[in-house]
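Q: I'd like a close look at the charged side chains in this protein and how they pair up. Could you walk me through them?

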Amino acid sequence: MPDILIKNTKVFFNNYLQPAEVLISDGKIKQISRMIDVQRLDQTINAKGALTLPAGIDVHVHFRDPGLTEKEDWYTGSCSAAAGGITTVIDHPNTIPPTIDKKSFKDKMKIANRNSVVDFGLYGGVTGNIEKLPELWELGATAFGEIFMAESTGALNIDEKCLDEALGVLKQLDALPCIHAEDDKIRLECEAYLKNDMSPDSHSRARPNHCEAFAVEKAIQLIKKNGTRAHFCHISAFESVGLLRKERYLDIKNGVPPMITSEAAPHHLFLSTKDWERLGTYGRMNPPLRDRRSVKMLLNSLNDGTIDMVASDHAPHTEAEKDTDIKSAPSGVPGVETLMPLMLVAVKRNLIPLGRMIEVTSKNPARIFKLDRFSKGSFAEGYDADLIVVDPTHVQEIKGDDLHSKAGWTPYEGMDGIFPEYTIARGDVVWDGGLVASRGRGNFLPGKGLISKDSE
């Protein structure tokens, strides 16, 4: 690994911004100090007053590989991540074939090992494959999910009985279940009622707030019954946040660590039902766009700690697939490359403090998904040098043509973003205004099941 010195920079250290220099050696942060005197260096980065911050960890991506590589593949998806300041991703199982057994898991891991430019974990899928969950855990699944409570892309949804059984097995494994909470009965009833409504915003009404909130409430009951920890993906509805806040309050009151964690997606933080007119079918995702009341609640809850992290739910589709009617268009939007730029603009606009932004994009994902075992998620000496250098004055317009996903479009077209000048992953510069990473340099970060097995 080359020795790199970042000089003339500011870092967020000990809870405030301060001038510093950062020395990187053997892929780790070796020293953080006002002045660093070194005799030999392979590279010096003059930040010219820009900030050096922890890179992002995105625990929710769909890189579509294998089987759907016309939308994305591991190389293009990970390049997009690096260009946006994300140095670790966890990929969900709804590929073709889905990642639900030993063969499909090993095949996906081979593809990712050969192609990923950033470090990665893999989810194990949960369908009717309850007997396969232990073998997926032993193979190194980082976590399990998305566990779909309603039909969505990939048709991996399960019923309440299967969810209950899966939570019991994952409790015994000490593995983290990650739940996509929407109620399928409510979805079907609403879709039937709106079957002749072809307006794009009908998708928000087909999966209304209570569709998510009812599923969250049901899942919480099963989580508590099984005594397991669990994570909710892409929380979006006002009412869901209230349920999560109640559980967080009860855990704090009882003096126990929170058993339930959650994430919010940028498209639910920075877009709303007002964007249907602009986006049309390109705005279709599950859960759908919400009204401004829910958007405001999400941002407040991210700030007050009710919601633990931000994850992109990067789910690309081609423009040809999206160019149809709202009933036929697939659900999902690209977002791994724009997650950090949007969050940095939110800091600049005083929507979220810089320290909290670092927590929800780096520290908390590493802690909750146990990636801190691999020296991820902390800006401290001895930890992986996963860093971005960003100039907060360099605000630029987000354009789909400038991004690196195969999708070639973005729901944030024309919005402001602050993109990294440098992305450094485990001490390697992987982005400096252009991609400089080698294909396959990313490391697999297995879950505790593989670690425990190897140590026996």
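How many salt bridges does the count come to?

A: Keep in mind that this is a predicted model. The count comes to 28 salt bridges, and a few of them are worth going through one by one.

Let's start inside a helix. Glu-191 pairs with Arg-187 in a salt bridge whose closest N and O atoms are 2.8 Å apart. Both residues sit in helix α5, which covers residues 184-193, and they are four residues apart, about one turn of the helix. The two partners see their surroundings differently: with a relative accessibility of 7%, Arg-187 falls under the 20% cut-off and therefore counts as buried, whereas Glu-191 is at 27% and counts as partly exposed.

Next comes Asp-197, which forms a salt bridge with Arg-205, with 3.0 Å between the closest N and O atoms. Here Asp-197 is partly exposed at 24% relative accessibility, and Arg-205 is partly exposed too, at 37%.

Then there's Arg-278, whose side chain meets that of Asp-275 in a salt bridge at 3.3 Å, N to O. On the arginine side, Arg-278 has 42% relative accessibility and counts as partly exposed. Its partner Asp-275 has a relative accessible area of 17%, so Asp-275 is buried. Salt bridges can also link up through shared partners: Lys-28, Asp-119, Lys-376, Asp-384, Asp-386 and Arg-426 are joined into one network that way.

Follow Arg-426 from that network and you land in a turn. Strands β17 and β18 form a hairpin with two residues between them, and Arg-426 in the turn has a positive phi of about 50 degrees. The two strands of the hairpin, β17 and β18 (residues 428-431), run antiparallel and are joined by three bridges; within this pairing, Thr-423 has Trp-431 in β18 as its bridge partner. Strand β17 (residues 422-425) also pairs with β14 (residues 387-390), again antiparallel and through three bridges. Across that pairing, Leu-387 stands opposite Ile-424 in β17.

Finally, some charges to look at on the surface. Lys-102, Lys-106, Lys-110 and Arg-114 form a positive surface patch. One of them, Lys-106, lies in helix α2, which spans residues 102-115. With a relative accessible area of 39%, Lys-106 is partly exposed. That value is over the 30% needed for a patch residue, so Lys-106 clears the accessibility cut-off.

How values were computed:
Residues are numbered from 1 along each chain as its sequence is written. This is a predicted model: local features need pLDDT of at least 70, side-chain atom pairs count only at pLDDT 80 or more; totals for chains, interfaces and linings use all residues. Side-chain values use heavy atoms; hydrogens and water are left out. Patches are made of residues with over 30% relative accessible area and no salt bridge: like charges are joined within 9 Å, nonpolar side chains (Val, Leu, Ile, Met, Phe, Trp, Tyr) within 5 Å. Accessible areas come from the Shrake-Rupley method with a 1.4 Å probe; for residues, only the protein chains shown count as cover. A salt bridge is a side-chain nitrogen of Lys or Arg within 4 Å of a carboxyl oxygen of Asp or Glu. Lys and Arg count as positive and Asp and Glu as negative; His and the chain ends are not counted. The place of a charge is taken as NZ of Lys, CZ of Arg, CG of Asp or CD of Glu. Buried means under 20% relative accessible area, exposed over 50%, partly exposed in between (1.4 Å probe, protein chains only). Two strands pair if DSSP finds at least two bridges between them.
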